[in-house]
Structures are given as structure tokens and as C-alpha cells.
There are 2 protein chains.
Amino acid sequence: METYLINGEFEAGVSPYDRGLSFGDGVFRTFTVSNGVPNHWEAQYQKLYDDCQALKLKCPFSQIILEDIVKLFPKDTTLKVAKVIITRGNSMRGYAVPQNISPNRVLIKSSLPNYPNNYFEQGVNLQVFSIRLSSQPLLAGVKHLNRLENVLARMEIVDSEMYDGVLLDENNHVIECSNANIFARFNSQLITPSLTKCGVSGVTRQRIISIAQLLGLSVAQESCTLESFNSADEVFICNSVFGAFNVKAIGQTTFSNYGLAAKLREMLNT
Amino acid sequence: METYLINGEFEAGVSPYDRGLSFGDGVFRTFTVSNGVPNHWEAQYQKLYDDCQALKLKCPFSQIILEDIVKLFPKDTTLKVAKVIITRGNSMRGYAVPQNISPNRVLIKSSLPNYPNNYFEQGVNLQVFSIRLSSQPLLAGVKHLNRLENVLARMEIVDSEMYDGVLLDENNHVIECSNANIFARFNSQLITPSLTKCGVSGVTRQRIISIAQLLGLSVAQESCTLESFNSADEVFICNSVFGAFNVKAIGQTTFSNYGLAAKLREMLNT
């Protein structure tokens, strides 16, 4: 059973004038909540704030969102997933932003997905999506509400054994999965796609970049072809809900190493 | 005073699980309504249907939307503007589309904008937006709810004398305005940008392509540079609310001919 708050209240619904609905004019975050406390909140809020800045949208204060979380996730609840949507606010028809607009916030509570054990043990299967991500430097990295490319990608999956897929850009460079970032390991070097033209720069991706050194790994953010990924010693994906999963296969290419995701999950403490 | 219907009812709001809000997973149309009757409904519905098809989204039957319009726009109302939003429906967190999903529809009534007289007489001023439209062939032409590029473009306007701006693509080709399509006339030839990689293919654009012959004009849809537009004999923009407006100036380039938009408005009967 999911429940939600709209601007901190148990309201029935969102205004049809909300620019999140009209234009996807907003941003969101998804993260876990333990006993009423959001995990890695500083990093989550910083990313939310930065994404709002990218859209020139007023981000509500951290304290306001934390009060919503306390209200919706009582202290005795087990591990849950929170999704926060911040939109620019309501306006009448037309793209112009009224001067006095005030952002809307939606907080949604849901259960942790019931991942099969083998996702944690051996990893997940990925296909290669046929849709190509478009290039928009002004929105690259931002977790905004314009996610039709992810929706169309996800609709390509028909095989229930397929967890997700690899999204490529117009130049056939690997960018991410539909709901996760992706890394390849070559010996002691991690490579993750640079996200200056498209893709979402997730908090867990950023955290892995920060802690990789503790595992004796260096990290580079650069353009990567699918061929390069397929020749990696190990591939894993990450997001703020499951932490990290190794990748068993990308299409027909299988990977026999899968120890890193488990180590990362422990260090990430998701 | 604006009012609205959600799935045909005078509901308070839209579900926070609506994928229109979460992902911009839907399409919309804006058109005028005279005495409770939507203008050029066949063309509007056909475009709505085609756009739904592009997103593999179930379009509600024409009759259902017409019943909504009758309910929200009584016969004695003067000329109004209707906006119809169709989203894929509600779903829990995640991009995957549930099998039994049912589309949501929102119908919003608003007044006709109070355009200054000189928009009809001499035309409007356009700037050139700095944001470039990204290229996504799977979504090009579709009036979907992922409109952040339009929002960011509109936010570039600070001069109140500026009605809108010209949106260029990554190759600096002219595509459209933030809320209108655009045409250039060279002698008896109309040129309008081809919209195979980005842009919205509006109903009024399509209607002008169909009726241009009646004015002795041929029409070509092709790639156009801004320089080419600036050298035109006449430039005009169009949408389903105002019909057509001539363009007085694009940035520093002024146009001295402006008779075509008035003729088109008469023929379009918007």
C-alpha cells in the first residue's frame, strides 16, 4: 500500500495546473528510508538542490522535506522507498513562468522492491536498447521529469529475465540504464560514462566515484563504446535503492566476475 | 476563471501516481471552442490519436473527449481555449508500464489570450533562443508532455516586447517557436522546417500546408538556416489558438511584408 503527501498534506491529488504534469517542469529523487530517517540525506538533498538550480527552480528547504518524511514515514517503519517530486508550481496555460510561482512537492512512500536473490549473488541481465538518448547539455545529468526516453526504452523489454537495458547515445556510446548508472572495471580501473550531454548523474554513482579508492580502484568518467564495456573484466550498475548489482550479461556478452557489487553494497550501506 | 475535468469529473486533482506527472508520459492538444463545439475537431483528434500511437498509449475515443467538452463548455459560452492532456495512466514507482493501465484525461478551460491589436495588424517580434532543441526521431513531431526545452527557452525572454523566439536545432536549423510553428515565404513558395528530428507538428501547420495552394502558394518542408529565414519576403508563425501572426522582426532582422497572416486567419477560421 503506497501513500503520499502533497505539499506536506494528505491531499487527494495534484493540481491539473501543476507544471510537472503540463511540461515535466520539475525534478525528482528516489532513496531509501530506515526507521523514518532518509539514508544519505545530505547527498540526496544536495543533488535535489543542484537539479533545481539547473532548471532555475526554487528548491524547498531541506528541513521542509525532512518534516514531510517524518510525517509519512513513522520511526517504526522498516526499510521503505521514498520518492520526492519537486515541480516549479502551478500556472495557467502557456510556458511563461509567473513571477510569484511557488514550487509544489510530492512525497510518495513505497515498499522496497522484492529483488530475486540471484540479483545480489550473480547479478542481472541487461539488453541493449534500440532507442538512442538525445543530447541536451542544459539538462544532462539532471534527474528531471522529462523521462519519455526512459519510458520508451523500458517498453522495449519483453523478456522477464531482463532486468534493464543499456542506453546508448546518438554516437553509440554507453550512457546508463533506464533506472541506474553503469560502471565497467578493467583491472583496477573503473570507467563510467561521462554525462555531459545526456543521462542522469545519480547520487550512488557519485558516492561510488568517491569511495572507489578505498577498494584500490581508480575511476575515470569518459566516453565508452559498447564494445569497450563488453571487454571489461566486470560490469555493475547502481542506484540509490538497490545500491549496486553486478551485470551477468549485456545481450550475448557474459561476464564471469561478480564480486564488486556486493563489496560496494556493504560500503554504500543502502 | 479556469475550470477543469479529470476523467470527465469535477475532481479536485490528479493522482500523484499519474505518469504524466512522474515522467511526462502523455500528450496534449490546445484548441479553441466556440459555443461548446471544438473547432476543427477531426484534425485535432486525429493528431491526438497519432501522438498517442507514437507513444503506444491508448487514446480515449473521440466521443468520450467530446462529452467532456460538452460538459465543461456549455453552448452559450463565447470563444474559449481547451487544453486536453492524455496520460498513459497511473502506476507505482518505476518506468515499467503495468499491463492493465488505463489512460487519464484532463480537460482545462481557459479564456482566449488578450492579444494586442498590433499582433494581428503588423505582427509579432521574435528573438533567437540560445537553447538548441535536441534530436529524438522517435518523439519528433509529437506534442508530448516532455516540454522542458520549451520552458527553458521561454525563460530566456526578458523583453516584454518579445512575443516568442525562434528555436534552432543542434545544426542551427530553424525548427519552430516555443508555442507555434513557423513559415517563410519566398515569392510564391512557402518553406516550413521539416520536423523529423525535433519540434512539434501542429494541426494549424498541417492545415496551412493543405490550403496554401488556394492562395497560389506552394509549400516545401525542408531544413532551413536562420540566414535563409532572415532573407525571406515574409515570415509568419501559427498555432491553433491565434491562427497565424506575421513576424515583424527576428532579432535585428525586420520584415516589411505582412499581409499573409491575416489572409490565413480568415481561411483557417480559428
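Put chains A and B together and about 4700 Å² of area gets buried between chain B and chain A, with carbon and sulfur atoms giving 66% of that figure; buried area here is the accessible area, taken with a 1.4 Å probe, that two parts lose on being put together, summed over both. The model is a predicted one, so local features need pLDDT of at least 70 and side-chain atom pairs count only at pLDDT 80 or more, while totals for chains, interfaces and linings use all residues. Residues are numbered from 1 along each chain as its sequence is written, chains are lettered from A and ligands numbered from 1 in the order in which they are written, and side-chain values use heavy atoms, with hydrogens and water left out.

On the side of chain B that touches chain A, two or more residues come from each of strands E1 (3-6), E2 (26-34), E4 (80-87), E5 (104-111) and E6 (124-133) and from helices H1 (19-23) and H5 (148-154) of chain B. Helices (H or I, at least four residues) and strands (E, at least two) are DSSP runs, numbered from the N terminus. H5(B) gives the most to this side, with 6 residues. Sorted by class, the side has 28 nonpolar, 16 polar and 13 charged residues; Ala, Val, Leu, Ile, Met, Phe, Trp, Tyr, Cys and Pro count as nonpolar, Asp, Glu, Lys and Arg as charged, and the others, Gly among them, as polar. In all, 57 residues of chain B are in contact with 57 residues of chain A, contact meaning heavy atoms within 4.5 Å.

What holds across this boundary in polar terms? There are 14 residue pairs in polar contact between chain B and chain A, both residues at pLDDT 80 or more. A polar contact is a pair of N or O atoms within 3.5 Å; within protein, one must be able to donate a hydrogen and the other to accept it, and residues adjacent in sequence count only if both atoms are side-chain atoms. The count of salt bridges between the two chains is 0, a salt bridge being a side-chain nitrogen of Lys or Arg within 4 Å of a carboxyl oxygen of Asp or Glu.

As for how the copies are arranged, a turn of 180° and a shift of 0.0 Å along the axis lay chain B on chain A with an RMSD of 0.0 Å. That is the relation of a two-fold axis. The same surface serves both copies, as 100% of the contact residues of chain B recur in chain A. The superposition is by least squares on the C-alpha atoms of residues with pLDDT of at least 70 in both copies.

Over all chains, the structure holds 12 salt bridges. One of them pairs A:Arg105 with A:Asp68, the closest N and O atoms being 2.6 Å apart. This pair links distant parts of the chain, with A:Arg105 in strand E5 (residues 104-111) and A:Asp68 in helix H3 (residues 62-72) of chain A, 37 residues apart. A:Arg105 counts as buried at 17% relative accessibility, and A:Asp68 counts as buried at 7%; buried means under 20% relative accessible area, exposed over 50%, and partly exposed in between (1.4 Å probe, protein chains only).

Another salt bridge joins the side chains of A:Glu234 and A:Arg185 at 2.9 Å, N to O. Because A:Glu234 lies in strand E12 (residues 234-239) and A:Arg185 in strand E9 (residues 181-186) of chain A, the pair ties together parts that are 49 residues apart in sequence. A:Glu234 is buried at 4% relative accessible area, and A:Arg185 is buried at 15%. In chain B, the side chains of B:Asp51 and B:Lys47 also meet in a salt bridge, again 2.9 Å from N to O. These two residues are 4 apart in helix H2 (residues 41-54) of chain B, or about one helical turn, and both are buried.

Strand E4 of chain B houses B:Ile85, which is buried with a relative accessible area of 0%. Not counting residues up to four places away in sequence, B:Ile85 touches A:Leu21 from the other chain, along with B:Val27, B:Phe28, B:Asn104, B:Arg105, B:Val106 and B:Leu145. Strand E4 of chain B is also the place of B:Lys80, buried at 18% relative accessibility.
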